[in-house]
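Biologist: Could you take me through the salt bridges of this chain with some care, and set them against the chain as a whole? I would like to know which side chains pair and how buried or exposed the partners are.

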Amino acid sequence: MRLHSLYASLALSFLCVAAAHAAQPQQPPKATASGPYFNRVATFEAHRNVPVGRNVSKKSVAEIVAVSADGMTLAYTDGEQMGIGLIDIRNPAQPKPAGFLAVEGEPTSVVIAQGKVLVAVNSTKDFTQPTGHLAVFDLASRKAQGTCPLFGQPDSIALDKGGRHAVIVMENERDEKLNKGAIPQLPGGNLTIIPLSATGMPDCTRAHPVALNGLAEIAPGDAEPELVKVNAQGIAVVTLQENNHIVLVDVAKRQVIKHFSAGAVDLKEIDRTRDGIINPSESAKGLLREPDAVAWLDNTRFVTANEGDYKGGSRSISIFNTDGKVEWDSGNFLDHEAMRLGHYPESRSAAKGNEPEGVEVGVFGKDTLIFVGSERSSLVTVWRDRGAGKAPEYLQALPAGSGPEGLTAIPQRGLLVVASENDGAARSSVMIYQQGVDVPAYPTLMSSDSPAGPPIPWGAISGTTADRKQPGRLFAVTDSVYATTRILEIDTNFTSALITNAMTITKDGKPVGYDGEGIAQRADGGFWVASEGDPDKKPAPLRNLLLRLNAKAEVQEEIELPEALARHATRFGFEGVTVTGAGDQEVVWLAVQREWKDDPKGFTKILRYTPATKTWGVLHYPLEATKAEGGWVGLSEITAVGPDTFVVIERDNQFGDSALKTLHTFSVAGLTAAAPGDAKVPVVTKRLLRNLVPDLQKPHGYVLDKVESFAVDSAGQAFAITDNDGVDGSNGETQFMRLGVLPSLR
C-alpha cells in the first residue's frame, strides 16, 4: 500500500498549488509534517448526565467545556437542561457521568478555579433588560455555594493566571428578530472583573465593569463583546464580534490599554452561492473577519476564529499581535480542507462556509498547538505554531460531533476535549482525543486537488461499485443532497482512500440531478445507476429510475418501472443496484429499501431487470424487526459476488451501539422471480455475513446510521462506506471501512 500522509500533504498544498494535467489526476504532495497526532478515544453523550426525574429524550447539549486543575473532571454547559454536566475522565477512553449542577437560567460559560465551578448564567427575559448571575459550586461536594448578581447578560468567562480574577464578557446580545438584527441595540455590554479568593470564591461586592463603548466604528455605543481570554501577564483580549473589533484590557488595572479593528480579507476560490453544487470558483473582497473565539499563543500574539455574525465572516483563522498587526490569515484553507474531507456545508455557501467558531491553544511538550473548531463542517483542525512572523504548520483534522462549540486542551495528559452542541438523531456529545499516534485514524477518505487547483469537493456517497479489472479502484455515486449527481473515482491503495476524479452525470449534454442511491459498472465500462423515487414528493412526484450510462457518465437510457410495480411504490424506493452477466446475458438487480404498499409487512423487494428483453421480475427479502421508537429496517445496497449470490446492507435508521448495521448474503439459485403483479412472490433465504457495528465503533465516535455502500474489488477486498448526507443535519463524518477478504466469500 502506498503510504499517504494527509496532513503533511495539505500543509504543503496550502503553501503552493501544484499543477495537474487534466488527463492524469494530481497525486498528493510528499509528506513534510510530522506528528505525534491525535486520535479520538471516546465520545460522551450529554444526555447521560440528565438528572433523575427529567426527560432524557428532551434536548441535552454540550456547548462550553472546562477542566479541573488535575485534568480528571470535565464540566460542560447544558443550556437545554439548564445546568452543568460533569464527566469523570480519569480513564479518558471510558468517560463516566459524574453529576449535574442545576442553575436557574441558561448557563453560557463555565470555568473551574481552586475547586470551585463558576458558571455564567443568563436569565434574560427581555432583550432590553438583560439579566444574569455568576453561580458558584464546590466541585468536590457538588453543592451550591451562592451567586453573584451580574448587571446584564453574561456570555464568556475566563480566569487570569493563578485564578485571581474571573473575567466575564457581558454581551447583552441583540434581538436578531428586531430590525433584521441590525445594531446598535442597547443596552451595550461590558467586561466585568470579579476578584476571587484563595479558595475560588468570588467577591461580589468588588465586581468592576470595564466600559467597552466608544471604541468600535460600526456601533460604538453597542460593543456586544463575545469572547475573552487572559494571558500570563494579565492582559485580556476581548472580541467584539458584530463590531469587527478587538480590545485589550489590563485586568489588574481594570482599564482598556489598546483596541483595533479586526480588518477584512479578500478570498478566492470559494463557494458563495447556495445552489446545491459545491463550486469553489468565486471570489469575495473586503469580507469583515468578525472574530468569535480567541486564544493567546504567547504574551504578544493571539489567534482568532473568524466566524462572522452580523455582516461578515471570513471563513478563516488569523494570528494577531498586540500591536494590532495581522501576522497570518488562513484565507480559504479551512473551506478547502472541508471540501477535501467531504465536510463542506454547501447550504452555508452564501453565508459563512465552514464557519470557524471555537479556538484553543495548548502547549504539548515543546509544541504550541492551535485547535480550531469549524461549527458548520464539524471539523477540528490542528496546527503547530512556528513563532512570530511565521505561518503555523497544519497537522491534521479531527471529526467532531455536530456543531463543535467548546474546545479545551489538557496538555498534561495529552488530551483535547471538544463539546458539540447540536442535539438531534445523533445526540449532542463531548468527544475526547489523545495525542501520541504516528498515523492518524481520520480521514479514511479524502480527495486530491482538481485540475483547476482546489480540492475535488464531495459528500453524500450513497452507492459504490468496484472496477471490474483494476484492484483497489472503486466508483461511487452521490445522492440528491446535491443539485447534480456525480460519479467519484476512488483509489483505495492510499492509507486514506483517495478520490482522484469526479464526473458529473449529464443528459443531452447538460448536468442533471438524480437521487443516485446505487451504482454498478457494466462490462463495457459504462454504469447502471439506481435513482430513488418518491411518489409523494411535492410539488411533483419523483420516479424510481434505472439509468444506463456510458463510461463518460452520459445518460443513454432512463428506464421506468412497469405500472404494475410503480403504483405500489412509497418514498422508500431504489437503494442499490448490481449486475450479473454481460451482453445479451446481462441482468440488473435492484434492492428496494422498505416494504411497498403491496408487500407483506417485513418484506421488501429485490427486483430483476433483463435489458435484452426489457422484462422485470420480483423476489422478496425478509427484513429484521426493530423495537426502537420511530425505528425502521431496510436495505441500502446490493452487490453481486457471484452469478447468483449477492450481499446486501441491511440496516436500521438509528445511531449508537444498539443500532442494527449488517451485511447479509443470499442466493437466487433455484428461484424464479415472479412477474410484476403476481400474488405469490418467492422469498430469498438470507444469511448473516458480518455485523458492522464493531467496525463502526472502532473510530470511538457514535455508531453512524447510514451505511450505504458496499463493494468487493477484483482482488476480493471488501469495502463499506457511510453516507454523510452532505453535512445536511449531520456531522459530516464519513467512515471508509476496509473489511478485507470476507471469509465466506473466499
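Modeller: What follows begins with the salt bridges, then turns to one strand residue and ends with the whole chain.

The model is a predicted one, and in it the count of salt bridges comes to 38. Side chains of opposite charge can pair when their charged atoms come close.

The pair that I would look at with most care is Glu 360 with Lys 229, whose side chains meet in a salt bridge at 3.7 Å, N to O. Glu 360 belongs to strand β24 (residues 356-364) and Lys 229 to strand β14 (residues 228-230), so this salt bridge ties together parts that are 131 residues apart in sequence. The two partners can be described separately: Glu 360 counts as buried because its relative accessibility is 11%, under the cut-off of 20%, whereas Lys 229, with a relative accessible area of 26%, is partly exposed.

A second pair is formed by Asp 598 and Lys 605, with the closest N and O atoms 2.7 Å apart. Here the acidic partner, Asp 598, is partly exposed at a relative accessible area of 35%, while Lys 605 is buried, with 2% relative accessibility. In a third pair, the side chains of Asp 203 and Arg 206 meet at 3.9 Å, N to O, and Asp 203 counts as partly exposed at 26% relative accessibility. Salt bridges also link four residues into a network, namely Arg 174, Glu 224, Glu 242 and Asp 309.

Turning to the strand residue, Thr 368 lies in strand β25 (residues 367-374) and is buried, its relative accessible area being 16%. Once its neighbours within four places in sequence are left aside, Thr 368 is in contact with Leu 297, Val 361, Gly 362, Val 363, Trp 383, Arg 384 and Asp 385.

As for the whole, the chain has four helices and 52 strands, and buried residues make up 60% of its 746 residues. Among contacts with a separation of 6 or more, 54% are between residues 24 or more positions apart. The radius of gyration is 27 Å, which agrees with the value near 27 Å that a compact globule of 746 residues would have, and the C-alpha atoms fill a box of roughly 85 × 60 × 50 Å along the principal axes. The chain exposes about 28600 Å², of which carbon and sulfur atoms supply 49%. Finally, to return to charge, the chain has 73 positive and 89 negative charges, and their mean positions are 3 Å apart.

Technical notes
Residues are numbered from 1 along each chain as its sequence is written. This is a predicted model: local features need pLDDT of at least 70, side-chain atom pairs count only at pLDDT 80 or more; totals for chains, interfaces and linings use all residues. Side-chain values use heavy atoms; hydrogens and water are left out. Helices (H or I, at least four residues) and strands (E, at least two) are DSSP runs, numbered from the N terminus. The radius of gyration is taken over C-alpha atoms; the globule rule is 2.2 Å times the number of residues to the power 0.38. Buried means under 20% relative accessible area, exposed over 50%, partly exposed in between (1.4 Å probe, protein chains only). Contact means heavy atoms within 4.5 Å. Accessible areas come from the Shrake-Rupley method with a 1.4 Å probe; for residues, only the protein chains shown count as cover. Lys and Arg count as positive and Asp and Glu as negative; His and the chain ends are not counted. The place of a charge is taken as NZ of Lys, CZ of Arg, CG of Asp or CD of Glu.
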